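New to this one? Take a moment to look over the model, and then we'll walk through a few of its parts together.

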Amino acid sequence: MKLIKVEAEGFKSFADKISLSFDGGVAGIVGPNGSGKSNINDAIKWVLGEQSSKALRGDTMEDVIFSGSKTEKPMNKCSVTLTFDNSDGEVSIPHKIFTISRVLERGKGNNTYYINDQIARFKDIRDIAFESGISKSSLAIISQGTVSDIAQATPEQRRGIIEDAAGTSKYKSKKIEAQRKLEKTTETLDKVNTVVEELEKQLKPLEKQSEKAQIYIAKSKELKEVEVGLLVHDLLHYKERVEILKNEIDGFQETKEDLEQKIQINEQKLGDNLDYKKQLDDEVIELTKDLDLVNEKLHSLEIQFKNEEMKREMIISGQISSASQDRISAIKKELESLSSQISFSEKWKEETSQDLANKRREIEKIEMQIAELRMRENSSKTKLMKARSKLDVLNDYKESKSNLFKGTKTVLDNGSLFKGKMHGTVADLIQIPEKYIAAMDSILQNAVQHIVVDDSEIAVKIIEFLKANDGGRATFIPLSSISVKDIKTEYLVKIKTQPGFIGIASDLVTSDKKFETLVNFLLGNVIVVEDIKVANEISHLVDKKYLVVSLDGDLIRPGGIMTGGTKQTSNILGVDNQIEQIKNIIPQLEEIVMLANQDITKLESLKGEKQSFIDQITIEFVKNNEKLISIKEKFSSLKVEYESNSNEKFDEKNVQSLDTELNETRSKKSILSATIKSKKDKLEKLINDINQIQSSKKEFEKSLRLIIESFSDKATEKTKADFYINDATKRLSEHYQMTFDSAREQYKLEIPLEEARHIVSTLKTEISELGNVNLDAIEMYQEIKERHDGIYKDKVELEEAKRIINEAIAEMDKIIITRINETMDLVNEEFNNVFREMFGGGEARIFLLDPNDPLESGIDIKAQPPGKSIQNLKLFSGGEKALIAISLLFAIIKAKPLPLCILDEVEAALDEANVVRFAEFLQKLKKDTQFIVITHRHGTMSRVDHLFGATMQKRGVTSFFSVELAKAKELVDSFVE
Ligand code: ATP
């Protein structure tokens with residue numbers, strides 16, 4: 001490779017563009033001091049990538065830009081271009097001729113490099129410099145005054161020169177790079193090893209946990225397959241059973257209530273009857289006492305009467321002989337007695353008939369009262385029956401939620417899943433008085449079924465649950481998202497006094513305190529009024545801004561749209577109200593039945609007593625009649641006898657009642673007896689009744705006991721079944737996130753029941769024996785395992801990389817050692833020859849200071865000019881040092897030819913004879929090396945192939961011209977000598 005042209009503009013003193021062309025061989029540059037010769041040297045160094053401004057003899061890099069002179073303005077940009085002939089292909093650029101350029105602009109600080117006018121990287125330029133051997137650290141450019149440095153250099157610096165010659169710099173820098181890489185790789189490997197160790201520590205327990213979690217998942221999956229099927233089977237069974245039990249229990253309940261009522265009625269009756277019996281007993285005692293007195297009196301009266309009567313009868317019958325006058329008088333007396341008996345008897349008969357008729361009427365009245373009471377009792381019983389069955393229907397309705405949308409029902413049925421955060425439907429949470437139900441139903445419409453939840457997150461969870469189970473749709477009101485609505489005060493003041501205004505809907509209902517916002521959100525801006533007419537007026541008053549609703553449920557919406565007419569309520573609102581009402585009515589009806597029954601019993605007793613009295617008196621009545629007939633017969637026959645014997649008429653009208661007291665006493669006795677008899681009869685019946693009641697009460701109590709026993713068995717069974725249903729549904733929803741319906745659709749028990757139960761219980765035990773399971777461990781293990789495997793792979797790769805780098809370093813060391821040794825040998829071969837030529841004898845060589853460390857060892861020079869034995873190079877004269885250095889330089893160039901060598905006044909210190917030797921050496925070496933020699937010396941000038949003269953014609957600006965040797969001498973002489 002050959003440098004064939006140097007062009008520069010704006011560089012240092014080259015304000016005008018300069019262009020120097022070379023044609024190999026030895027080119028000399030001559031000129032006066034300060035004319036800019038060395039600037040050529042600097043220009044070449046600069047293009048080749050020199051970064052040190054000091055090496056370019058400046059303070060900053062911008063010092064290389066032409067700074068102006070007295071006549072010239074400073075320039076803002078400098079550029080230098082080198083053109084090479086690469087015909088020998090030394091540089092791997094696919095061009096025979098190529099250029100490299102460097103441009104710098106003032107103030108911009110950035111250098112731009114070009115290869116063949118194409119922007120290139122600094123590295124590309126450096127590569128060319130290395131490839132071609134023209135690098136700054138080589139011997140290619142030896143500046144003024146530095147030549148003796150070669151001799152004076154430290155062994156390490158000298159080693160650098162030999163390394164350049166040996167071309168090991170490339171390997172050395174590659175080795176340094178490889179060592180840096182090795183260091184980094186080792187560092188990374190250490191870090192990786194730490195991470196691998198750390199990960200391995202984590203992996204062990206995680207692997208165990210992950211295995212456990214996998215077992216848990218597998219067993220849980222297996223359990224789900226069997227358990228869900230089993231739960232579905234059992235739920236179906238228990239639901240069916242509960243239905244049957246419910247019907248039975250309902251029947252029992254009715255019978256139980258009926259028996260309890262009967263027992264209660266019997267107890268009541270028993271109490272009443274016992275009271276009544278006591279009363280009767282007391283009355284009978286009193287009456288018997290009266291009767292005894294009456295009997296006593298009657299007894300004495302009758303003795304007296306009988307005596308008189310007997311006496312008269314004996315006179316009349318002639319048993320006692322008497323005068324006929326006495327006999328007639330006895331007959332008269334007897335007639336008077338009989339007449340008074342007849343009139344008393346007839347009076348008694350009349351009075352008693354009256355009495356009997358009264359009593360019968362009384363009985364009729366009682367019977368009417370009883371009939372009336374029976375009617376009342378029956379109608380209350382019917383009402384009671386209806387109320388009870390309506391209550392059953394309403395309770396069923398409420399329990400089955402059959403009036404709700406599918407989604408709403410699913411959410412409520414699985415409420416335990418969202419416990420504490422899901423509060424139920426709007427209808428469940430707001431209590432509405434009966435009279436506002438129609439209005440509220442109209443306002444709320446489907447919102448009654450909206451589900452109230454704490455926040456939107458829980459609503460999202462429930463919606464996901466509904467979707468997963470095909471559970472239908474539901475609408476949610478998250479409490480955290482709603483705010484209170486109201487009616488502006490100005491409107492409120494206006495409408496409050498309007499006739500027919502009832503209130504703001506939110507004020508007419510009640511709710512738990514925590515749902516106040518909900519109530520105000522739904523009803524706070526709704527006005528409730530009497531009827532649609534008022535609604536119309538009020539809607540106008542509030543400028544149609546609010547919803548107005550009548551008690552019937554007719555609506556005027558904001559904006560004025562009206563809805564009205566007849567409507568059916570949704571049956572969701574008001575169920576609780578109805579249940580409540582019926583529950584209140586039932587005991588009232590029960591009381592009516594009970595009281596009616598009590599009254600009937602009492603009245604029937606009274607009726608019986610009266611009837612018994614009538615019966616007794618009727619007997620007396622008959623007796624009285626019979627007696628009357630016989631008395632009348634006796635009276636008639638005696639009357640005939642009297643009138644025939646006395647010849648006078650017996651005047652009944654004038655008869656004075658003689659036996660009034662006796663008759664009255666008799667009458668009293670018969671009434672008392674009848675009364676006592678009737679009461680005794682009643683008592684007897686009462687005792688019978690009491691016995692009857694007691695025995696039927698016992699019967700009822702026995703039946704009740706039996707029923708309760710049987711009821712309690714069924715109730716226990718139902719409670720157990722309900723508990724199981726609740727538990728199983730909860731298990732389905734909480735553990736498997738399934739509704740019963742979706743589970744039934746997806747799972748069927750396909751193995752025998754007992755086997756399924758055994759599997760479920762075994763799996764549950766096995767799962768619980770697993771203890772705490774960390775399900776995240778699977779993912780964590782996987783993640784860490786992947787990380788570990790990835791990093792482990794890195795570790796293996798890094799170890800491999802480390803091995804390769806070490807191998808490469810070893811390989812490079814081998815190359816460096818070989819090249820250094822080869823170069824040393826070659827250089828030593830030439831060095832001794834050149835030295836001998838230069839010094840006219842003697843000997844010189846270079847050697848490794850530490851032959852055992854050919855890689856690092858410094859290199860020293862041993863030079864022995866003829867007749868001298870100087871050990872220390874420093875002790876040589878300046879010229880000698882320069883000569884040793886030039887000898888070594890030439891020896892190196894000879895051993896390892898350079899493509900280009902710029903020598904800037906290296907021979908300045910030599911005497912003329914040595915200058916000639918120096919110049920002749922250049923001619924010997926020029927075959928393999930192109931020389932550019934900056935010189936002041938004639939000996940050199942006269943032995944170069946081509947000369948350039950440098951002048952500063954304009955002050956401060958260099959210009960070059962090609963000169964003949966004679967002119968060159970002239971030129972140099974004129975300025976230098
Ligand atoms: P000598 O024979 O004394 O070594 P020389 O011919 O090698 O001299 P150089 O060192 O190449 O001369 O050039 C130095 C000249 O370049 C000086 O006159 C200096 O003023 C000029 N010079 C250096 N840098 C700049 C610059 N940035 N702008 C203008 N002139 C510059």
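Buried here means under 20% relative accessible area. Keep in mind that this is a predicted model.

**A short helix and its neighbours**

With that cut-off in hand, look at helix α2, residues 122–132: its buried residues are Ile-125, Arg-126, Ile-128, Ala-129 and Ser-132. They span an arc of only 155 degrees around the axis, which means they sit on the same side of α2. The general background is simple: an α-helix has 3.6 residues a turn, so residues three or four places apart point the same way.

What lies over that buried side of α2? The cover includes α1 (37–47), β5 (97–105) and β6 (111–115). Right after α2 ends, Gly-133 takes a positive phi of about 90 degrees.

Two of those covering elements, β5 and β6, are partners themselves, pairing in the antiparallel sense over five bridges. In that pairing, Val-103 is found opposite Thr-112 of β6. The two strands make a hairpin with five residues between them, and Gly-107 in the turn has a positive phi of about 85 degrees.

The chain then folds back once more: β6 also pairs with β7 (residues 118–120), antiparallel again, over three bridges. Here Ile-115 has Gln-118 in β7 as its bridge partner. This hairpin has two residues between its strands, and Asn-116 takes a positive phi near 50 degrees.

Here are some of the strand pairs you can pick out in the model:

| Strand pair | Sense | Bridges | A facing pair |
|---|---|---|---|
| β5 and β6 | antiparallel | five bridges | Val-103 and Thr-112 |
| β6 and β7 | antiparallel | three bridges | Ile-115 and Gln-118 |
| β3 and β22 | parallel | four bridges | Val-26 and Phe-931 |
| β11 and β12 | parallel | three bridges | Val-453 and Pro-478 |

**The six-stranded sheet**

The pair β3 and β22 belongs to an open sheet of six strands, in the order β8-β21-β22-β3-β23-β24, with mixed pairing. Which strands stand at its edges? They are β8 (141–142) and β24 (959–963); each has a single partner strand, so one side of each has no neighbour in the sheet.

Within this sheet, β3 covers residues 26–30 and β22 covers residues 930–934. Helix α20 (residues 912–925) lies across β3, β21 (900–904) and β22, and runs at about 155 degrees to β22.

**The three-stranded sheet**

There's another open sheet, also mixed, made of three strands in the order β9-β11-β12. Its edge strands are β9 (422–425) and β12 (476–478), each with a single partner strand, so each has one side without a neighbour in the sheet. On average, neighbouring strands are turned by 20 degrees against each other, direction ignored. Helix α7 (residues 406–413) lies across β9, β11 and β12, at about 140 degrees to β9.

**A pair of helices**

Finally, find helix α5 (residues 169–317) and helix α6 (residues 324–400), which pack at an angle of about 175 degrees with their axes 16 Å apart. Because of that angle, α5 is roughly antiparallel to α6. Residues making the contact include Phe-305, Arg-312 and Ile-316 from α5, and Arg-327, Ile-331 and Glu-334 from α6. What sort of residues make up this contact? They divide into 12 charged, five nonpolar and two polar.

Terms used. Residues are numbered from 1 along each chain as its sequence is written. This is a predicted model: local features need pLDDT of at least 70, side-chain atom pairs count only at pLDDT 80 or more; totals for chains, interfaces and linings use all residues. Side-chain values use heavy atoms; hydrogens and water are left out. Axes are lines fitted to C-alpha atoms, for helices over the stretch in contact, and angles run from 0 to 180 degrees between N-to-C directions. Angles under 35 degrees count as roughly parallel, over 145 as roughly antiparallel, 65 to 115 as roughly perpendicular and the rest as oblique. Contact means heavy atoms within 4.5 Å. Ala, Val, Leu, Ile, Met, Phe, Trp, Tyr, Cys and Pro count as nonpolar, Asp, Glu, Lys and Arg as charged, and the others, Gly among them, as polar. Two strands pair if DSSP finds at least two bridges between them. Buried means under 20% relative accessible area, exposed over 50%, partly exposed in between (1.4 Å probe, protein chains only). The arc is that of the directions from the helix axis to the C-beta atoms.
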